[in-house]
Each structure stands twice: as C-alpha cells, then as structure tokens.
Amino acid sequence: ESSIAVFQQFTLEFPSDERRPETVFKLAQAERSRGDLEAAAKLYRELISARGEAEGSGAWGDLSFVPLATTLLNDADPANDKEAEGLLDRVVSGEITGPGTPIFRAGLRELGQHYQRTKRFAPAIEKLEQYLALSEQATAEKGATDDDEPVRFQLAEAYRASAGEIAKQLEGGLPDGVKREFSQRRTDRLVRAGQLYEHVKADFEARKHRTALEELTLRNAYFYAGDCAFDLRDFDPAIRLYDAASERYPKDPASLVAMTQIVSAFA
C-alpha cells in the first residue's frame with residue numbers, strides 16, 4: 001500500500017522524468033501483488049503502447065508483456081485468455097527479445113504452464129523443455145543456482161498425462177505400425193516423467209526448509225514416480241518407489257493406494 005501511494009505520487013508530479021516508465025512498471029507489479037489485477041493490466045498496457053516514445057520506455061514496455069499475460073490469465077475473465085496467449089506467442093516467437101534473455105525464458109515458462117493447465121500437453125512439453133534447456137544454459141553461464149523444480153514437476157505431469165492420452169488411443173483399432181510408434185512414444189514419456197519426478201524429489205529432499213506447496217509437490221512426486229514405473233510394467237522399481245512413498249507418508253490416504261499397487265505389482 002505504501003509503495004503504491006509513493007509510486008502514484010511520483011508519476012503524477014514528475015510526468016516527464018526519465019524514470020517514469022520504471023516507476024509505472026513497479027506500480028503495476030505492486031498492484032498485481034495487492035490483487036488489483038484490473039489496475040495492473042491497465043498499467044502494463046500503458047507501458048506496452050508507449051514503447052519507444054520516451055527514453056527507457058522500450059525496455060519497460062518489453063518487460064510488461066509476460067506480466068500482462070499472466071495477469072490476464074489469472075483474472076476472472078476467460079474471454080481475455082486468447083489475448084494473453086497472443087502476448088506470450090509474440091514473446092516466444094522472438095519478436096520482443098531474443099532467446100538468451102530472461103523475458104524470452106519467462107514467456108516460454110508461462111506459456112508452457114498455461115498449456116499444461118489447459119490440458120494441451122504436447123505443446124506444454126515442447127515449451128517447458130525449451131524453457132528448461134535455456135534456463136540450465138543461463139545458469140551454467142552465470143554460475144548461479146536455479147529454482148526450476150516447479151517447472152520440472154509440471155513438465156513431468158504433462159508427460160504423464162500425455163502418456164495417459166496415448167494409452168487411450170492404443171485401446172482403439174490402430175494399424176500395427178502406428179500402434180508400435182504410439183506405444184514407444186508412451187514409454188518414452190513415462191520414462192521422462194519418472195526421471196523428472198526423481199529430480200524433484202532429490203532437490204526438495206536436500207532443502208532444509210520447504211514451503212507448504214513444496215511439501216505437497218514432494219509428496220506427489222513420490223507417489224507419481226511409482227505410478228510411472230507401474231504403468232511401464234517395471235514392477236520391481238514400482239514396488240520400491242511405492243514402498244518408499246508409503247514409508248515416508250504413512251498417515252497419508254494415498255499410502256493405502258500405494259500399498260494396493262504394491263500388491264498388484266507382486267501379483
């Protein structure tokens with residue numbers, strides 16, 4: 001509240017100051033954090049429409065594309081989701097900045113997560129894999145540590161859900177060649193999902209402190225890793241993974257499901 005008041009005062013009293021675009025952007029971020037998505041969207045639109053009109057306005061306009069798209073996707077109006085997708089498409093097409101920039105990576109991440117939430121798993125996999133590759137490259141170049149485990153978990157979910165869709169297609173009457181291709185694709189996606197779940201587990205287990213959301217993600221990764229192995233009919237690894245999950249979460253109702261899956265795997 002305090003920062004909003006000060007930023008608003010600055011934009012009114014110093015309309016020609018070269019720092020005004022930066023101030024408007026920070027004001028938009030503050031409004032979004034407060035939950036006033038309509039006000040935030042209006043400010044982001046102002047920055048985008050004013051790109052290049054004043055010194056420094058282009059950079060802050062470029063930075064506004066992904067936050068505006070995120071704001072539109074998170075509001076209560078599904079009618080503007082297409083506009084949000086269009087903004088993100090412009091970012092990931094390279095129209096706004098190049099692939100080596102944080103803006104481009106943020107666009108890939110948001111678009112991939114949006115595809116995953118809306119059950120468009122194939123494009124979600126494409127965008128999130130591209131994001132992780134660029135993020136890991138940037139991390140290696142800067143010598144910093146990333147925090148991409150939530151993305152890895154969402155990517156694992158997209159792979160596992162896509163494998164489920166393929167399994168349903170395999171139940172239909174398909175030519176033998178197509179059936180073999182689909183079956184291999186399903187196997188590859190389950191294997192990749194299992195690898196990602198294991199990565200998430202290892203990273204979150206190593207953290208001394210975890211948020212409630214990270215605890216939930218870790219818990220789900222334990223059980224879903226077992227599901228991947230079971231669906232692959234790798235029963236010995238499935239038993240081991242389900243057993244580890246039920247031992248770590250003995251009071252969780254899902255541990256009962258894990259125990260029945262262990263019985264099925266033994267059978």
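The questions and answers below look at a nonpolar core and two helix pairs in a predicted model.

Colleague: Which helix gives the most to the largest nonpolar core?

Modeller: The largest nonpolar core has 67 residues, and those that touch the most other members are Leu68, Leu155 and Tyr197. With 8 residues, the helix that gives the most to this core is H11, residues 212-231.

Colleague: Which residues does Tyr197 touch, not counting residues up to four places away in sequence?

Modeller: Tyr197 belongs to the largest nonpolar core, where it is one of the three residues named as touching the most other members. Leaving aside residues up to four places away in sequence, the residues that Tyr197 touches are Phe153, Ala156, Glu157, Arg160, Ala221, Tyr224, Ala225 and Cys228.

Colleague: Are H1 and H2 roughly parallel or roughly antiparallel to each other?

Modeller: The axes of helix H1 (residues 2-13) and helix H2 (residues 20-34) come within 9 Å of each other and cross at roughly 150°, in a crossing that is left-handed. Angles over 145 degrees count as roughly antiparallel. The two helices, H1 and H2, are therefore roughly antiparallel.

Colleague: How many nonpolar, polar and charged residues has the contact of H11 with H13?

Modeller: The axes of H11 and helix H13 (residues 254-266) come within 11 Å and cross at roughly 20°, which makes H11 roughly parallel to H13. On the H11 side the contact holds Arg219, Phe223, Asp227 and Phe230, and these meet Ala254, Ser255, Ala258, Gln261, Ser264 and Ala265 in H13. Sorted by class, the residues of this contact are 5 nonpolar, 3 polar and 2 charged.

Note on methods: Residues are numbered from 1 along each chain as its sequence is written. This is a predicted model: local features need pLDDT of at least 70, side-chain atom pairs count only at pLDDT 80 or more; totals for chains, interfaces and linings use all residues. Side-chain values use heavy atoms; hydrogens and water are left out. A nonpolar core is a set of buried Ala, Val, Leu, Ile, Met, Phe, Trp, Tyr and Cys residues joined through side-chain atoms within 4.5 Å. Buried means under 20% relative accessible area, exposed over 50%, partly exposed in between (1.4 Å probe, protein chains only). Helices (H or I, at least four residues) and strands (E, at least two) are DSSP runs, numbered from the N terminus. Contact means heavy atoms within 4.5 Å. Axes are lines fitted to C-alpha atoms, for helices over the stretch in contact, and angles run from 0 to 180 degrees between N-to-C directions. Angles under 35 degrees count as roughly parallel, over 145 as roughly antiparallel, 65 to 115 as roughly perpendicular and the rest as oblique. A crossing is left-handed if the near helix is turned anticlockwise from the far one by less than a right angle, and right-handed if clockwise. Ala, Val, Leu, Ile, Met, Phe, Trp, Tyr, Cys and Pro count as nonpolar, Asp, Glu, Lys and Arg as charged, and the others, Gly among them, as polar.
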